[in-house]
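Here are some notes to read alongside the structure, written for someone who is new to looking at folds. Please keep the view open and go through the points in order.

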Amino acid sequence: MAKQLMIYERAVPVSIEAHKGWSVKAENDFSFAREVNSVPVLAAEFAPSAMEYTIIFAGEGDVVFPSVILGMKEGNNAHVKEDGSWDGRYVPAFFRRYPFVFAASEDQSTFTLCIDEEYEGLNKKGKGERLFDADGQRTQYLENVLAFSTEYQAQFTRTQAFAKRLQDLDLLEPAQAQFSLAGGERTQLSGFKTINREKLRNLPAETLAEMAKTDELELCYLHLQSLNNLTPMTQRIAARNGDSDAA
């Protein structure tokens, strides 16, 4: 898988000093994600993601995190249409929180809400939702953004713990996928990991019972189920691009 590309060009802390009088006009435009062919996904997103995406685990060493595959080629997100709209039923939270993001302190003890000042919808013309009211207080819109970002961070921590548990149990193994496209072109996705179904099945009963209670076992099977989406995804992409077949 391609290294996760940054979608934030100039993220700065949201503050009354810097952003009083600023508004955010939300656009159904995901052009900023056009070159991102995989994106992190939270444990809470496994159920909706598994219905149409392929969930894999990406990263190096101890830093492994679940992601969804969004395209067959590096630098190409097959779910962003020409007009920038999203081609799919579910949009990953990683994209839905844009142009906002939390920045962590070095010791990870505090988080600061930031906004990408290069976002086209950010303006001083009063279009969309204001960040601060006339008295300099956070608007309900900004409060909602803060709540969403806080929940995202909490779910991120939970997902990190889940991924670490899989590593500690030695359930993850390197994987790759190869595809033949019309015209003889071949493409390959590699550098990611999947759960070894046999190792999962052979875990001690007490471990499986504990994972069932924490919903981790369900997450494992949602991931394994989602692997079946890979071939249909390539077929949809091929059909849209005018190719005759992909397998």
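Which residue in β7 does Pro13 stand opposite? The points below begin with that pair and then work outwards from it.

1. The residue in β7 that stands opposite Pro13 is Cys114. Bear in mind while looking at this pair that the model is a predicted one. The two strands concerned, β1 and β7 (residues 111-116), pair in the antiparallel sense, and three bridges hold the place of that pairing in the description.

2. On β7 there is also a pairing with β6, for five bridges join β6 to β7 and the two strands run antiparallel. One pair to look for here is Ala104 with Phe111, the latter being the bridge partner in β7. The strands β6 and β7 form a hairpin with six residues between them, and in the turn Gln108 has a positive phi of about 60°.

3. Taken together, these strands make an open sheet of three strands in the order β1-β7-β6, with antiparallel pairing. The edge strands are β1 (11-13) and β6 (100-104), each of which pairs on one side only. From one strand to the next, the twist averages 45°. As general background, strands of a sheet pair through backbone hydrogen bonds, and they may do so in a parallel or an antiparallel way.

4. A helix packs on this sheet: α4 (residues 140-168) touches β6 and β7, and the direction of α4 makes about 55° with that of β6.

5. Elsewhere in the chain, please look at helix α6 (residues 205-213) and helix α7 (residues 216-226), whose axes come within 5 Å and cross at roughly 90°. Because angles of 65 to 115 degrees count as roughly perpendicular, this crossing makes α6 roughly perpendicular to α7. In the contact, Leu208, Met211 and Ala212 in α6 meet Glu216, Leu217 and Cys220 in α7. Sorted by class, the contact of α6 with α7 has five nonpolar residues, one charged residue and no polar residues.

6. For the chain as a whole, there are eight helices and 11 strands, and the C-alpha atoms fill a box of roughly 60 × 50 × 25 Å along the principal axes. Of the 247 residues, 44% count as buried, while the accessible surface comes to about 13,200 Å², with 48% of it belonging to carbon and sulfur atoms. Among contacts between residues at least 6 apart in sequence, 70% join residues at least 24 apart.

Key:
Residues numbered from 1 in each chain as written. Predicted model: local features only at pLDDT ≥ 70, side-chain atom pairs only at ≥ 80, totals over all residues. Heavy atoms only, no water. Axes fitted to C-alpha atoms, helices over the stretch in contact; angles between N-to-C directions. Helix = DSSP H or I, 4+ residues; strand = E, 2+ residues; numbered from the N terminus. Parallel < 35°, antiparallel > 145°, perpendicular 65-115°, else oblique. Contact = heavy atoms within 4.5 Å. Nonpolar A, V, L, I, M, F, W, Y, C, P; charged D, E, K, R; others polar. Pairing = 2+ DSSP bridges. Buried < 20%, exposed > 50% of the residue type's maximum accessible area, 1.4 Å probe, protein only. Areas by Shrake-Rupley, 256 points an atom, 1.4 Å probe, with all protein chains shown as cover.
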